[in-house]
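Me: I am new to this structure and should be grateful for a close look at a single part of it. Please take the sheet with the most to describe, and explain what surrounds it.

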Amino acid sequence: VGVADPDPDARRAATAAVPGVPAVADVERLLAAPGLEAVVVCVPTDRHPAVATAAFDAGLHVYVEKPLAVDAEAAADIEAAWRRSGRSGAVGFNFRFHPLVRAAAEHLRAGDLGELVAVRTVFASPPRELPAWKRDRRTGGGALLDLACHHLDLLRHLLGTEITRVSASVASVHGDADTAHLQVDLADAPSAQLLATLRAAQSDRVELLGDRATLVLDRMGRRDLELLPALGPSSLRARLRAATDVSRSAARTWRDGLRPPAEPSFAAALAAFVRTIGTGATAERSGARGVAGRDGEADRLADIADGRRVAAVIDAAERSASTGRRVEVGTEAAA
């Protein structure tokens with residue numbers, strides 16, 4: 001229906017990408033456009049509350065890019081507007097829809113890992129020139145808001161539990177909090193270690209360690225999951241099979257190095273949002289709890305409440321980093 005952006009270069013790019021679609025400078029004009037049903041909010045994070053709330057109050061369905069807000073208080077304001085509206089509301093935690101995440105959920109449901117022992121994740125982005133708002137914590141910058149939020153959401157989504165406590169340290173070199181280390185406790189799962197940095201070679205890995213097998217998800221490097229048995233092969237036949245698997249894995253690694261994996265999850269998440277509109281899902285229905293690894297809802301869209309919960313974890317991580325103490329995560333819902 002239309003695009004709103006205050007930057008004239010961005011408007012020209014939008015018009016070139018979707019010829020014939022009007023591009024305006026202010027969002028108020030867009031929200032009043034006839035025929036508008038849904039909005040995708042891609043403004044700097046500190047502007048999410050104003051734009052998303054205006055869209056919900058206009059009776060529209062809203063997809064908000066991650067993170068939902070710069071802190072849990074602002075996220076709760078968006079959640080309150082969402083619940084008032086009765087419309088579908090989603091947050092752009094698109095990696096829930098990545099094929100590797102879907103496959104990992106299948107392994108968890110099947111119990112292939114046995115009892116889960118630990119979780120480790122790394123999300124790194126190389127140093128590069130960022131817009132000013134992405135270098136300033138107050139407007140949405142930093143590794144916690146830009147990168148760690150994705151893995152915090154995946155922990156909740158895949159393991160079907162809430163993060164209860166967090167201890168963290170952060171470093172600021174090229175921008176506010178551009179590296180963060182987190183240790184998080186989960187209500188019904190082992191603790192997890194997360195590293196997020198905007199200062200290292202590109203990487204996005206999740207390792208789930210069980211007493212029967214370890215599952216490695218390498219989104220940027222591999223098209224396939226690695227399922228590594230905890231115990232080595234005991235017979236000659238098993239060793240031959242393992243050697244064959246290693247050869248196949250090496251061939252796949254070579255292939256993926258020559259032609260890096262595609263990233264289909266952005267389009268898949270947006271398609272899921274459109275489906276919620278088509279089915280008439282309300283805020284309450286689209287916010288129903290589901291667990292990828294336990295309840296079979298591998299494609300459950302992250303809703304506004306999910307975004308607010310992740311914001312609460314990031315708030316706790318920042319309090320931990322400033323005090324040097326482990327901090328309880330607040331779980332209060334919006335009024």
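Reply: Two strands are said to pair if DSSP finds at least two bridges between them. In general, strands of a sheet pair through backbone hydrogen bonds, either parallel or antiparallel. With that in hand, the part to examine in this predicted model is an open sheet of 8 strands, with mixed pairing and the order 12-11-10-6-9-8-7-13. Strand 12 (226-229) and strand 13 (327-328) stand at the edges; each has a single partner strand, so one side of each is left without a neighbour in the sheet.

At one of these edges, strand 12 pairs with strand 11 (residues 213-218) in the antiparallel sense, over 4 bridges. Within this pairing, Val216 has Glu226 in strand 12 as its bridge partner.

Two helices that pack on the sheet deserve attention. Helix 6 (residues 143-159) touches strand 6 (116-124), strand 7 (163-171), strand 8 (179-186), strand 9 (189-197) and strand 10 (203-210). The direction of helix 6 makes about 155° with that of strand 9. Helix 11 (residues 304-323) also packs on the sheet, where it touches strand 7, strand 8 and strand 13. The direction of helix 11 makes about 55° with that of strand 7. Strand 7 and strand 8 are thus touched by helix 6 and by helix 11.

Helix 6 has a further partner in helix 5 (residues 99-110): the two pack at an angle of about 40°, with their axes 10 Å apart. From helix 5, Val101, Ala105 and Leu108 take part, and they meet Leu154, His157, Leu158 and Leu159 of helix 6. By class, this contact has 6 nonpolar residues, 1 polar residue and no charged residues.

Helix 6 also leads to a cavity. As a general matter, rolling a probe the size of a water molecule over the atoms shows where empty space is left. A search of the whole structure finds 2 cavities of 30 Å³ or more, and the second largest holds about 40 Å³ of space. Its lining consists of Thr121, His151, Leu154, Leu155, Leu158, Leu159, Val206 and Leu208. Helix 6 gives the largest share of that lining, 5 residues, and the elements that give two or more residues are helix 6 and strand 10. The lining residues divide into 6 nonpolar, 2 polar and no charged. Leu154, Leu158 and Leu159 appear in this lining and also in the contact of helix 6 with helix 5.

For context, the chain also has an open sheet of 3 strands, with the order 3-4-5 and parallel pairing. Its edge strands are strand 3 (38-41) and strand 5 (89-91), each of which pairs on one side only. The twist in this sheet averages 10° from one strand to the next. Strand 3 pairs with strand 4 (residues 61-64) over 4 bridges in the parallel sense, and Ala38 stands opposite His61 in strand 4. Helix 8 (residues 265-278) packs on this sheet and touches strand 3, strand 4 and strand 5; its direction makes about 165° with that of strand 4.

Both sheets belong to a chain whose secondary structure comes to 11 helices and 13 strands. Of the 335 residues in the chain, 47% are buried. Among contacts between residues at least 6 apart in sequence, 69% join residues at least 24 apart.

Terms used. Residues numbered from 1 in each chain as written. Predicted model: local features only at pLDDT ≥ 70, side-chain atom pairs only at ≥ 80, totals over all residues. Heavy atoms only, no water. Contact = heavy atoms within 4.5 Å. Axes fitted to C-alpha atoms, helices over the stretch in contact; angles between N-to-C directions. 1 Å grid on protein atoms, 1.4 Å probe; cavity = no way out; pocket = protein on both sides within 12 Å on 5 of 7 lines; lining within 4 Å. Points joined across faces, edges and corners; volume = space filled by probe spheres on them. Nonpolar A, V, L, I, M, F, W, Y, C, P; charged D, E, K, R; others polar. Buried < 20%, exposed > 50% of the residue type's maximum accessible area, 1.4 Å probe, protein only.
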